[in-house]
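Subject: Handover of a structure and notes on its ligand site

Dear colleague,

Please find below the structure that I am handing over to you. I would be grateful if you could keep it open while you read the notes that come after it.

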Amino acid sequence: MAGTQDLERWVNECAEMTRPDRVRWCDGSQAEYDQLVAEMLRDGTFIELNQRTHPGAYLHRSHPSDVARTEDLTFICTPEREQAGVTNNWMEPGEAKTMARGLFKDAMRGRTMYVVPYLMGTPASPFAKVGVELTDSPYVVANMRLMTRMGQVALDHLQKTGEFAPGLHSLGDLDPKRRFILHFPHERLVWSVGSGYGGNALLGKKCLALRLASWMAHEEGWMAEHMLILGLEDPRGEVTYVAAAFPSACGKTNLAMLIAPLSQAGYRVWTVGDDIAWMRIGPDGRLWAMNPEAGMFGVAPGTNDATNHNALAMTTHDAIFTNVAMTPEGEPWWEKLTATPPAGLIDWQGHPWDPSAGPAAHPNARFTASAAQCPSISPHWEDPQGVPISAILFGGRRAHVAPLVYQAFSWQHGVFVGATMASETTAAATGDVGIVRRDPMAMRPFCGYNMADYFGHWLEMGQRIPNPPQIFHVNWFRKGPDGSFLWPGYGENIRVLRWILDRVHGRATAISTAIGAIPSPESLDLTGLDLNPAKVNALLEIDAAEWQTEANDIGTFLNTFGSHLPPELRAEQAALIQRLG
Ligand code: GTP
Ligand code: SPV
Ligand code: MN
């Protein structure tokens, strides 16, 4: 949609359909936020946490059936099914609207409709995009204020550019049977009903900044990716930027703000973004990445002082916690925050915790906080053009098969590596956890168009980038025969980042294997780590038989894409089989 008049017309139309008691235009101010918080504390949507230890922090317990993204209820609505491709659910746009109108009809009766204008990207960026979300959830409004640049700043931008992406959201009755997340890429429109959770309900994030943006990026020649962005500073003070695509709950937030251990003195990570990257070819021929978000919606379980001190530090004040447990002192708690759980915990559903009944915090419990609160935030995180990317990492959770790190032979081979990457499913989406599935470029749930055409777009971008980033694959999650992780992970991942940095700058040596280049023994600094040679071998091992099976399975996966599949990926699969001998 275009100008402010369109905006007003659309707000009125939506109000006629959903019949809210009130319509409230949000300006994004602190006073407005404080008032919303006060209202939510009164009606129980927010629970006040300990204001001495966590000033400005609140707990929200979502409906127990509404704790993660619902991929089976997420649709791309294009005239042709083929435009959505085989990895997306599809509905014809007219049918989708007729169906959803029934759910939106009168859905906001007794509630307030908040009009939430927001900006993805900094106001100074030529690539920033305006969205407007209409929602009946004050929890969504509060999160949007931390996750985006919300309110007047977005309306001002809309005045200037005359364009916005509309999104209509209602909690509906929260029944999963009446839950739909519908994308209409031709209209840059999202309709979401029946969920108040994260990526289902904060429409700027996965819906606009990934699904709709990936569609626009395909049309306009740029990239919208499920990637963190970090700057790696070396002991001379030189910063090299890296983007990394790992599937949901596979380590983006953690890598983006890792703290190097003492043994790695002189190296330091600067956080630019933890979930989404918009990337464009810069005038210098490099790929430049910007973080369209203003905050983080991060996984809480697993976070502690040793694994991710920065995430803890950024959430000690002015933060929203969703589905975490609470101590008797009113402090947030989740699994692994402390070595032993404190006595008297209240679980994520508000009951005294019964350890035999499951974890105290939901496995997909999250924190929301402004990115500016992150101690490692990069001084360049709001640069209008973004930062220049030297390496792209793909990675996932794989107990077996994938080594700690390998480098692709070329951009085309790297696209093959990304397109065929696999990872165990996590609690970030509903469904079984721990099932290995192919999740191309970590975009399987987020690509707003035909995935095979998306592969083609990656290949084409490679042709157009004069100085493309090097591509790598990493796996922090390989397991030994006893079922424990072989690699210490977290801060120690800096050692892998260093190897990547040295490869990018032509300093580190590597051994060429059938699947890519792995570190030579002397090129990966493992000093001070409690890793015996057998473990190191197991981490870097490329098992011929496992990889034969993998290559065949990749072939089957590629077959699912039919005629849209770029022949280059087939050729890469054949070459892999040949190299495996
Ligand atoms: P989304 O926000 O869902 O896109 O996830 P993300 O990719 O940002 O994942 P995040 O960094 O929040 O990590 C998810 C889980 O993996 C947390 O429980 C982390 O503690 C755990 N994790 C992150 N990095 C590592 C690692 O290097 N090793 C191990 N073993 N676990 C890790
Ligand atoms: C993800 O699932 O990849 C997330 C969390 O980043 S959500 O915003 O809920 O999608
Ligand atoms: Mn994510």
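The following notes describe the surroundings of ligand 1.

Please bear in mind that this is a predicted model.

Location. Ligand 1 occupies the largest pocket. Around ligand 1 there are 22 residues, and those that come nearest are Ala249, Lys252, Pro301, Arg366 and Tyr490.

Polar contacts. Three pairs of atoms deserve your attention when you inspect the site. At Ala249, a polar backbone atom lies 2.7 Å from an oxygen atom of ligand 1. At Asn254, the partner is instead an N or O atom of the side chain, 2.8 Å from an oxygen atom of the ligand. The side chain of Arg397 likewise has an N or O atom 3.0 Å from a ligand oxygen. As for burial, ligand 1 on its own has 660 Å² of accessible area, of which the protein covers 92%.

Composition of the shell. Sorted by class, the residues around ligand 1 comprise ten nonpolar, eight polar and four charged ones.

Origin of the shell. Helix α9 (252-256) and strand β18 (295-299) each contribute at least two residues to the shell. The most comes from α9, which provides three residues. In terms of domains, at least three shell residues come from domain 2 (225-294 + 379-580), and at least three from domain 3 (296-373).

I suggest that you begin your reading with Ala249, which is among the residues that come nearest to ligand 1.

Yours sincerely,
A colleague

Definitions and conventions
Residues are numbered from 1 along each chain as its sequence is written. Chains are lettered from A and ligands numbered from 1 in the order in which they are written. This is a predicted model: local features need pLDDT of at least 70, side-chain atom pairs count only at pLDDT 80 or more; totals for chains, interfaces and linings use all residues. Side-chain values use heavy atoms; hydrogens and water are left out. A residue is near a molecule or strand if one of its heavy atoms lies within 4 Å of it. A polar contact is a pair of N or O atoms within 3.5 Å; within protein, one must be able to donate a hydrogen and the other to accept it, and residues adjacent in sequence count only if both atoms are side-chain atoms. Accessible areas come from the Shrake-Rupley method with a 1.4 Å probe; for residues, only the protein chains shown count as cover. On a 1 Å grid over the protein atoms alone, a cavity is a set of points where a 1.4 Å probe fits but cannot get out, and a pocket is an open set with protein on both sides within 12 Å along at least five of seven lines; lining residues have an atom within 4 Å of a point. A molecule sits in a cavity or pocket if more than half of its atoms lie within 2 Å of its grid points. Helices (H or I, at least four residues) and strands (E, at least two) are DSSP runs, numbered from the N terminus. Ala, Val, Leu, Ile, Met, Phe, Trp, Tyr, Cys and Pro count as nonpolar, Asp, Glu, Lys and Arg as charged, and the others, Gly among them, as polar. Domain bounds come from an automatic or database domain assignment.
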